[in-house]
Each structure stands twice: as C-alpha cells, then as structure tokens.
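Hi there,

Here is the structure I promised to pass on to you. Have a look at it first, and then read on for what turned up in it.

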Amino acid sequence: LSGGSVGLMMQMEIGPFANEEKKATVDSTPKDEKPEKKIAIETVTMAPLSIPIIQNGKIVLNLQLEVQIDTTKKKAPKLREKLPILKDAYVRDLFSFIPRQLRKSKKLDQETLRRRLRVVGQRTIGKGIIHAVNIKSYSEVKSVNDAEKEETTDPTTN
C-alpha cells in the first residue's frame, strides 16, 4: 500500500513530488480566497402600484407602492417585457394579502411585504430573474370620505 501511494503521488505530482512551478502557483493563492464573480446588477423601476383597501363595503385607505426590482443585466430585457404581467400578479396578490396583514397589526411590515413581492414575482415570471425587490416608497392615503368628515368635524377651520 505504501509503494502504491508513493507511486500515485509521483504520477499525480502532488505532495513532495510536485513540480516547483506548480508549488509556486499553489502557494501564491490562499486557500480561503475564492475568485469572486462580479455580477452586473441592474435595477428596474416599476410603475407605482395603487391598492385600495376595502372594509365593510367602503374604501378605508389607498396603499401606494413604488417598487424597484434588482436583476442581472442579461435578464433585465426579459423582466421589462414581463412587467405588465408582474404588476398584475402583484396587484392581485396584494388585494388579499394586505387586508390579512392589517387585521393582525395596524401597521404593514415592509420587510414581510418585500419578501412577499419577491416570492410572487418568482412564481409569476420564473426563478432566477428577480434577485431582490426594494420598496422605494410606501404611503397609506386615507379615504376621501374620511378626509371630508375630518374637515367638517374640525372646529378650528373656519
């Protein structure tokens, strides 16, 4: 077994039998460092999403989101082509998702929303296209009817 091991090491030129040139190249690169692949990321901005939240047959508030999607430069044209389909999927999903979230808490968690949008996007247009979803702006606008009530009940506005 020892002779076979030594013979194999000589044939493969490893260990003490390695060429000096190979030793120099092996020693110059640290084992911990891996060559990093630079991936060119491109951000695609989606048109603002407006989702009315309806409770008891009335619009309680309008949610407006501006979303940016990170993808690779190679896949950006495919993403831009599928933006209308993606926007439709987001609106459909958020119509049911947001009211459920607002029942649990008064404020919508943006991190949960960001993860949800990424999952829905990957399900809709395929995995590997969307790397990250960023919420550029998030605003909750109260219903017009509520604003009118506030204006009429406020005694200081005369």
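Which strands and helices do the buried residues of H5 pack against? This is a predicted model, and in it those residues pack against strand E3 (58-72), helix H3 (76-81), helix H4 (83-104) and strand E4 (132-142). The buried residues themselves are Leu113, Leu117, Val120, Gly121, Gln122 and Ile125. A helix has 3.6 residues a turn if it is an α-helix, so residues three or four places apart point the same way.

You can also check the length of H5. It covers residues 110-125, and at 1.5 Å a residue its 16 residues should span 22 Å; the end C-alpha atoms are 22 Å apart, so the two agree. Just after H5 comes Gly126, with a positive phi of about 110°.

Next, try finding the largest pocket, which holds about 210 Å³ of space. Its lining is made up of Ile53, Gln55, Val60, Leu61, Leu102, Arg103, Ser105, Lys106, Glu140 and Lys142. Strand E2 (49-55), E3, H4 and E4 each give two or more residues to that lining. By type, the lining residues are four nonpolar, two polar and four charged.

Finally, a word on confidence. The mean pLDDT of the protein is 76, and 78% of its residues reach 70 or more. Among the elements, H5 has the highest mean pLDDT (89), while helix H6 (residues 144-153) has the lowest (45). Over residues 146-158 the pLDDT is below 50, and this stretch has two contacts in the model beyond near neighbours in sequence. Where pLDDT is low, the predicted coordinates should not be read in detail.

Best wishes

Note on methods. Residues numbered from 1 in each chain as written. Predicted model: local features only at pLDDT ≥ 70, side-chain atom pairs only at ≥ 80, totals over all residues. Heavy atoms only, no water. Helix = DSSP H or I, 4+ residues; strand = E, 2+ residues; numbered from the N terminus. Expected span 1.5 Å × (residues − 1). Buried < 20%, exposed > 50% of the residue type's maximum accessible area, 1.4 Å probe, protein only. Contact = heavy atoms within 4.5 Å. 1 Å grid on protein atoms, 1.4 Å probe; cavity = no way out; pocket = protein on both sides within 12 Å on 5 of 7 lines; lining within 4 Å. Points joined across faces, edges and corners; volume = space filled by probe spheres on them. Nonpolar A, V, L, I, M, F, W, Y, C, P; charged D, E, K, R; others polar. pLDDT = per-residue confidence, 0-100.
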